[in-house]
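The following report describes how the strands and helices of one model are arranged. It proceeds from the sheets to the helices that lie across them, and then to single residues.

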Amino acid sequence: MSADTTPTGAAPAGATPAGATPAGAAETAMADALGRIATAGHLLVALDFDGTLAPEVDAPRAARALPEAQDAILRLVALPDTSVALVSGRALDSLIEVAEAPNTVLLVGSHGVEYRVDGEAEVSLSPEEQKLRGALETILTETAAPYDDVHVEEKPAGFALHTRLADESVTDLVLAEARRRVAAEAPAATERVGKNVLEFAVRSASKGDAIARLREITGASAVFFAGDDVTDEDGFRALAAGDFGLKSGHGDTAAAYRVAGPPEVAHVLDDLAELRAHLGRS
Ligand SMILES: O=P(O)(O)OC[C@H]1O[C@H](O[C@H]2O[C@H](CO)[C@@H](O)[C@H](O)[C@H]2O)[C@H](O)[C@@H](O)[C@@H]1O
């Protein structure tokens, strides 16, 4: 395998393998597992976007998948009995803008709230959800307003507070104030924590729900899922025996395998596309 793995260990999905296995053994175990999943009867390749396909950048609209990752996705989605899905925390419109993916790639936005699976997607909120979303908008825009380096991202079912550009003391203040007001004024909201982002939403769907739904829609016999952030852990926990979970970067994880970041994820996808194109399927 050409992927430059940072071997934090290999273990069944659901385990936390960090540091459990010597470097060479982990790399071999990962190569073996990739070889096995490449032969799945119907393979679903589900991929997080930011921090997995695309390196992190300060402006969310500027994020793009690495060219090698984009190329591997196009090769995978062109293979028979192979589905590719992007499973992102971004609003679907934002994902469509940055991912530049063909229509054959399935898209899941807002951590499992929005789907582009068969035609146009639309999120229709109930009156109660609209009211809750309105309360969240007020709370988060008022909380961010005093700070130039904090911005609010609008999503169909919620809002995200971005603090990447703020210093630590401002970040601490803003997050505490947002949580205090949401607890008091919008307690039904779902909180999601990510890298320099705190989101509140009116729906509690997760990437685990998305993996389960995509597995059903595609009829996949095995799932490959790669992600980097806290919310991707729901996706890793939805994997089963015979699936393949790949963590991008540092942090505790339920994924069985880990690489250093987006360039290494792209190498693994390249290997997977190559293997699946040339191996028979089971
Ligand atoms: O599930 P993902 O596809 O990983 O989306 C998670 C969040 O990604 C975006 O924010 C993150 O990436 C930005 C661009 O690199 C970065 O500036 C920000 O600090 C990160 O949190 C997106 O803006 C969010 O809506 C997603 O929830």
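Helices (H or I, at least four residues) and strands (E, at least two) are taken here as DSSP runs, numbered from the N terminus, and two strands pair if DSSP finds at least two bridges between them. The model is predicted, and local features need pLDDT of at least 70, side-chain atom pairs count only at pLDDT 80 or more, and totals for chains, interfaces and linings use all residues. Residues are numbered from 1 along each chain as its sequence is written.

**The four-stranded sheet**

A hairpin joins E5 to E6 through two residues, and these strands run antiparallel, joined by five bridges. Within this pair, Glu153 stands opposite Ala160 in E6. Both strands belong to an open sheet of four strands with the order E5-E6-E8-E7 and antiparallel pairing. Its edges are formed by strand E5 (151-155) and strand E7 (190-194), each of which pairs on one side only. Neighbouring strands of this sheet are turned by 20° against each other on average, direction ignored, where axes are lines fitted to C-alpha atoms, for helices over the stretch in contact, and angles run from 0 to 180 degrees between N-to-C directions.

Further along the order, E6 and E8 run antiparallel and are joined by five bridges, with Leu161 opposite Leu198 in E8. Strand E8 (residues 197-201) in turn pairs with E7 in the antiparallel sense over five bridges, and the bridge partner of Thr190 in E8 is Ala201.

How many of the five residues of E6 are buried? Five of its five residues are buried, and E6 is thus described as mostly covered; a residue is buried if 20 or more other C-beta atoms lie within 10 Å of its own, exposed if 12 or fewer, and partly exposed in between, with C-beta atoms placed from the backbone. In a regular strand the side chains alternate between the two faces of the sheet. In E6, Gly158, Ala160 and His162 point one way, whereas Phe159 and Leu161 point the other way, and all are buried.

**The seven-stranded sheet**

An open sheet of seven strands has the order E4-E3-E2-E1-E9-E10-E11, with mixed pairing. Strand E4 (114-116) and strand E11 (257-259) are its edge strands, each pairing on one side only, and the twist averages 20° from one strand to the next. At the E4 edge, strand E3 (residues 106-109) pairs with E4 in the antiparallel sense over three bridges, and the bridge partner of Leu107 in E4 is Arg116. E9 and E10, by contrast, pair in the parallel sense over four bridges, and Gly227 stands opposite Lys247 in E10.

E10 is mostly covered, with five of its five residues buried. Phe244, Leu246 and Ser248 point one way from E10, while Gly245 and Lys247 point the other way.

**Helices across the sheets**

Three helices lie across strands, as tabulated below; residues are in contact if their C-beta atoms, placed from the backbone, lie within 7 Å.

| Helix | Strands it lies across | Angle |
|---|---|---|
| H1 (residues 23-37) | E1, E9, E10 and E11 | about 130° to E10 |
| H3 (residues 92-99) | E2, E3 and E4 | about 130° to E3 |
| H4 | E5, E6 and E8 | about 15° to E6 |

Helix H4 (residues 127-144) also packs with helix H5 (residues 168-185), at an angle of about 155° and with their axes 10 Å apart. H4 and H5 are therefore roughly antiparallel to each other, a term for angles over 145 degrees, as against under 35 for roughly parallel, 65 to 115 for roughly perpendicular and the rest for oblique. Among the residues that meet are Ala135, Ile139 and Leu140 in H4, and Val174, Glu177 and Arg181 in H5.

**Two residues with positive phi**

Most residues other than glycine have a negative phi, and most peptide bonds are trans. Asp81 has a positive phi of about 55° although it is not a glycine, and it lies in the loop between helix H2 (67-77) and E2. Ser110, found in the loop between E3 and E4, has a positive phi near 50°. Why do the two count as partly exposed and buried, respectively? Asp81 counts as partly exposed because it has 14 C-beta neighbours inside 10 Å, whereas Ser110 counts as buried because it has 26 C-beta neighbours inside 10 Å.

Notes. Contact = placed C-beta atoms within 7 Å.
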